[in-house]
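Hi,

Here is the structure I promised to pass on. Have a look at it first, and then read my notes underneath.

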Amino acid sequence: MLTACSNTESGGPEVAKVEGITKVDAIAAQLPEDIKNSGKLVVGVNVPYAPNEFKDPATGEIIGFDVDLMDAVAQVLGVTAEYQESDFEKIIPSIEVGTYNVGMSSFTDNKEREQTADFVTYFNAGSQWARKVGSDVNPDDACGKRVAVQRTTVQDTDEIPDRSAECVAEGKPEIVKVAYDEQSAAATALVQGQVDAMSADSPVTAYAIKEANKDAKVIEAAGPIFDSAPYGWPVKKGSPLAPVLQQAMQYLIDNGQYRQIAENWGVEEGVIAKSVINGAQG
């Protein structure tokens with residue numbers, strides 16, 4: 001996936017930064033006063049979820065497509081993005097109480113989450129499975145199989161339980177969901193044969209396949225991308241920050257810098273043409 005990247009000796013990717021992103025006064029002026037006065041946007045993030053947000057193994061710095069995009073939005077707003085690590089499931093509650101201004105962790109914007117936060121859309125992703133090379137397991141024929149997911153993701157809370165329920169309704173054995181705290185652990189479990197398949201967001205699965213197959217082809221995609229839905233940045237419900245982030249995002253879309261960031265990370269397949277607030281489908 002990382003078509004614009006090369007690997008360093010430490011294993012960390014080298015990805016070009018997009019130049020020429022500057023503050024847009026008309027948008028920055030609309031920032032809430034507390035953020036404007038502090039000069040920073042406090043961002044809650046859960047890592048690793050490569051290539052979207054993960055740590056450079058050499059420096060420990062949080063990097064990724066989401067990071068470069070949020071940094072660009074912050075530049076448009078004339079502030080600095082300050083990343084604070086959190087458990088995934090704690091990010092939205094922390095936004096509600098004001099610990100973070102915004103969340104950035106590949107959140108799928110869905111109707112349930114919109115009950116507690118507003119979401120500014122910035123990408124479109126689906127789910128995709130991976131399996132060991134030589135295996136025939138696939139999403140539509142997985143009853144009785146062990147499938148790895150990252151805990152609290154859409155694959156954990158919705159997709160695998162729904163598929164498993166269908167298996168049981170048809171008199172077949174349930175899917176054994178194996179949930180991990182980190183996506184990297186789910187991928188490792190697949191490579192080591194501890195599970196039969198892995199389900200994750202499409203850019204994450206593609207990256208995991210690329211990383212696992214550096215020396216030899218070990219895992220592969222198991223079927224096409226499905227259930228595409230928008231990613232969104234959660235902010236406090238009713239917050240004036242949402243329209244400001246949406247305008248900054250749309251500015252980056254319109255001038256082409258957003259696509260350039262996506263291309264740098266090899267995820268341009270999921271770019272959007274319009275950012276909206278609360279774009280959940282269905």
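Below is what turned up when I went through it.

One thing before the details: this is a predicted model, so please read everything here in that light.

Let's start with the overall build. The protein has nine helices and 13 strands. Its radius of gyration is 19 Å, close to the 19 Å that the globule rule gives for 282 residues, so the protein is as compact as a globular protein of that length. If you lay the C-alpha trace along its principal axes, it spans about 60 × 45 × 30 Å.

Next, a pair of helices. H3 covers residues 65-77 and H8 covers residues 241-254; their axes come within 9 Å and cross at roughly 105°. Angles from 65 to 115 degrees count as roughly perpendicular, and H3 and H8 are therefore roughly perpendicular to each other. Which residues meet where H3 and H8 touch? On the H3 side they are Leu69, Ala72, Val73, Val76 and Leu77. From H8 come Val244, Leu245, Ala248, Met249, Tyr251 and Leu252. By class, that contact has eleven nonpolar residues, with no polar and no charged ones.

Then there is some empty space inside. Rolling a probe the size of a water molecule over the atoms shows where such space is left. Searching the whole structure gives one cavity of 30 Å³ or more, and the volume of the largest cavity is about 90 Å³. Its lining is made up of 13 residues, and those nearest the centre are Tyr49, Phe88, Ser105, Ser106 and Thr153. Sorted by class, the lining has seven polar, four nonpolar and two charged residues.

Finally, the backbone has a few spots to look at. As background, most residues other than glycine have a negative phi, and most peptide bonds are trans. Ser106, one of the cavity-lining residues just named, has a positive phi of about 55° although it is not a glycine. You'll find Ser106 in the loop between strand E7 (102-103) and strand E8 (117-132).

Where are the cis bonds that involve Pro48 and Pro51? The bond from Val47 to Pro48 is cis, with omega near 0°, and the one joining Ala50 and Pro51 is cis too, with omega about 10°. Pro48 sits in the loop between strand E3 (40-45) and strand E4 (54-55), and Pro51 is also placed in the loop between E3 and E4.

Cheers

Methods
Residues numbered from 1 in each chain as written. Predicted model: local features only at pLDDT ≥ 70, side-chain atom pairs only at ≥ 80, totals over all residues. Heavy atoms only, no water. 1 Å grid on protein atoms, 1.4 Å probe; cavity = no way out; pocket = protein on both sides within 12 Å on 5 of 7 lines; lining within 4 Å. Points joined across faces, edges and corners; volume = space filled by probe spheres on them. Nonpolar A, V, L, I, M, F, W, Y, C, P; charged D, E, K, R; others polar. Axes fitted to C-alpha atoms, helices over the stretch in contact; angles between N-to-C directions. Helix = DSSP H or I, 4+ residues; strand = E, 2+ residues; numbered from the N terminus. Parallel < 35°, antiparallel > 145°, perpendicular 65-115°, else oblique. Contact = heavy atoms within 4.5 Å. Rg over C-alpha atoms; globule rule 2.2 N^0.38 Å.
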